[in-house]
Amino acid sequence: MKIKRYTMFLILLVLITNLLVGCGDKSANADIQAKKIIMGLDDTFAPMGFRDESGELVGFDIELAKEVAKKLDVEIEFQPIDWSMKETELNTGNIDLIWNGYSITEERKEKVAFSTPYLANSQIVVTLADSSIVKLADLEGLAVAVQAESSAVDAAYSKEGFVESLKDGKMIEFSTNNEAFNDLEAGRSDAIVVDEVLARYYMKQNGEEKYKVLEENLGDEEFGIGLRKEDTQLLEDINKALDELMKDGTYDEIYNKWFSDN
Amino acid sequence: MKVLKMLIPLTIEGLKITLGVFILTLAVSLPLSILVALMRRSKNKFLSKFIGIYIYIMRGTPLLLQLMFIYFGYHYIPHIGYALGRYQAIFIAFILNYTAYFAEIFRGGIGSIDIGQYEASKVLGISRSYTFSKIILPQVIKNVLPSIGNEVITLVKDTSLVYILGVSDILKAARAASNTYSTFTPFVFIGFVYLIIIAILTKLLDKIELKFNYYR
Amino acid sequence: MTLIVENISKSFGENLVFKDVSFKMDKGEIVCIKGKSGEGKTTLLRCLNNLEEIDSGKIIINNREISKVKDGKLEIGLVFQNYNLFPHMTVMDNIVLAPLYLKKSSEEDIYKRAAQLINDLGLKGKEDFYPYQLSGGQKQRVAIARACILNPSVLCFDEPTSALDRETIGQISKIIEDLANKGMAIIIVTHDNEFVDEIAHRVIEISEGSLYEE
């Protein structure tokens, strides 16, 4: 029957497609003896890991990671992932490290193992330079913007009574920090809550003199590298490497490149 | 503009993915869906029901979820052992999903053909398979073209879902440039890119519809 | 005898349509089957043409029993009430599709024969027209050509006059008589009494599951 022949042909087509497409795309499981580890990141997260104007992967985390890999004498591969899937990618073995401005929290500690913290961050409040807001309390009844599903949101809610005191009892949540900044500049929001690391990059891009950072913040946190709990040897090795880099000045070099206030 | 200097090469790379997923999905799922439609209409109750369940699942869950299950899910099912690569997972998910949608459209189209066509053919001694390919299918295609065209346009936009597996399409290119330069403009640019793709596609679909309008 | 129908019966589930129906036909005969709607005349036609299977009995054409044979029923042709032309094919393609598929003659012969039929049936010049561009009478003639090109010994018509005006009916009568004169046995299912009077050699009727001849 002709239909059977068509079926055969189509199954063949699907199989061939698969083969063509599957080549060179095998997800490697972490093998500590193996000479390669895969680092998962959202490659649009400036300034930790993102693309520069020629499309190259750059950022504080990228450079630090390359140095750590050198110390460990392994090859490191950068795998772009979707940030919301990071723990799943790690636990299914598609990546070996989560390293992208990954804040250390108690909930996350239950799912992954963290390296020693390598960067301090805080949730700061930014306003326009000419704003009359000086203290957190000044925000009462005002509009505050934030990036949805970020640690900024968590930090805001963890401060008792803060969110409730704002206009309409909530924050205005945008899908990206850029949009939150946009709202601030347009005058629709009076302030934004944001990662310090990210905010400083943004403000540097657009002219720091336009903004003001409140002295009070909504919480300090630290960035760490996420690993599978069972990769204990790798964790030990990485922590050792980080320690060495902080002692021999390489860390400072990278830090100054990305975070010095010029 | 510095932004465009970054955005354009990234967009071209992203287009390979966007168009690649689009073309490959269509190339496989369109013919496959005709087969599936026939199986759905089969007199074999078991086959018909089985295909019915497949279609129900594919249309009843978001493609995004299907992408996640197919790529990440193997880990949670014991004994499968074979991990799909990112691109394999994308193609399988898209093909499975779109085959289901197209199959339903074809099924409806095949069902709407007057039974007299089958009878005239039978009386003339023409086999069932020849009847289907020469008499029924051409008429079905003409009838379902608008619906198929709709799904094809949806497919272009669905390609942006590959982000969930970290794969870089044109929308991701916009996000990368946007975050690097802290500006919203790249999204506007990519919006236009989509519009251009859809404009070309629509023109193509119209031309095809016109070609099939040589009768009735 | 061209066609011998022997004791055929047909039921649809519990519904008995006809039982023990028998009749004979010779070349050139025009037999009209009359009867009230739903009495089974169309079913009889469909049984003769491979569209329904008889429950019991025999159908014998040119001394060959064809009740259970796969392509035996090509010796019987059918012109449907609504013609069932293939709308996406030209007149010529409609006519030559089946013989080209069956490959019983050479392509050259098939096209020659088609051209002949088109001529005889007054369709000359319309070879490349599509069904939607034809009148009712023209469509019917294409349907006739499509059936005749397979050289059936028996040609059946299902309500051929239901959609036509008086003048066109006259044309169709002539065509049918021509076919009969050339040796074809013709069976016509109809409730157009005027037409029956005009054209029938014999009249049979199906009533309450049995056949009666006038």
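**Notebook: chain B, then the sheet in chain C**

I began with burial in chain B and noted that buried residues make up 41% of its 216 residues. I keep in mind for every entry below that this is a predicted model.

I next listed the secondary structure of chain B and found eight helices and zero strands, so that, read from the N terminus on, the elements run α-α-α-α-α-α-α-α. For the extent of chain B, I looked up the span of the C-alpha trace along the principal axes, which is about 70 × 50 × 20 Å. I then turned to the contacts in chain B with a separation of 6 or more, and wrote down that 73% of them are accounted for by residues 24 or more positions apart.

I moved on to chain C, where I traced an open sheet of six strands with mixed pairing, whose order is β6-β7-β8-β3-β9-β10. I asked myself which strands stand at the edges of this sheet. They are β6 (76–79) and β10 (210–213) of chain C, and because each has a single partner strand, one side of each is left without a neighbour in the sheet. I also noted the turn between neighbouring strands of this sheet, which is 20° on average when direction is ignored.

Last, I followed the edge strand β10 of chain C to its pairing with strand β9 (residues 202–207) of chain C, which is in the antiparallel sense and runs over four bridges. As one residue-level entry for this pairing, I recorded that C:Ile206 stands opposite C:Leu211 in β10(C).

Conventions
Residues are numbered from 1 along each chain as its sequence is written. Chains are lettered from A and ligands numbered from 1 in the order in which they are written. This is a predicted model: local features need pLDDT of at least 70, side-chain atom pairs count only at pLDDT 80 or more; totals for chains, interfaces and linings use all residues. Two strands pair if DSSP finds at least two bridges between them. Helices (H or I, at least four residues) and strands (E, at least two) are DSSP runs, numbered from the N terminus. Axes are lines fitted to C-alpha atoms, for helices over the stretch in contact, and angles run from 0 to 180 degrees between N-to-C directions. A residue is buried if 20 or more other C-beta atoms lie within 10 Å of its own, exposed if 12 or fewer, and partly exposed in between; C-beta atoms are placed from the backbone. Two residues are in contact if their C-beta atoms, placed from the backbone, lie within 7 Å.
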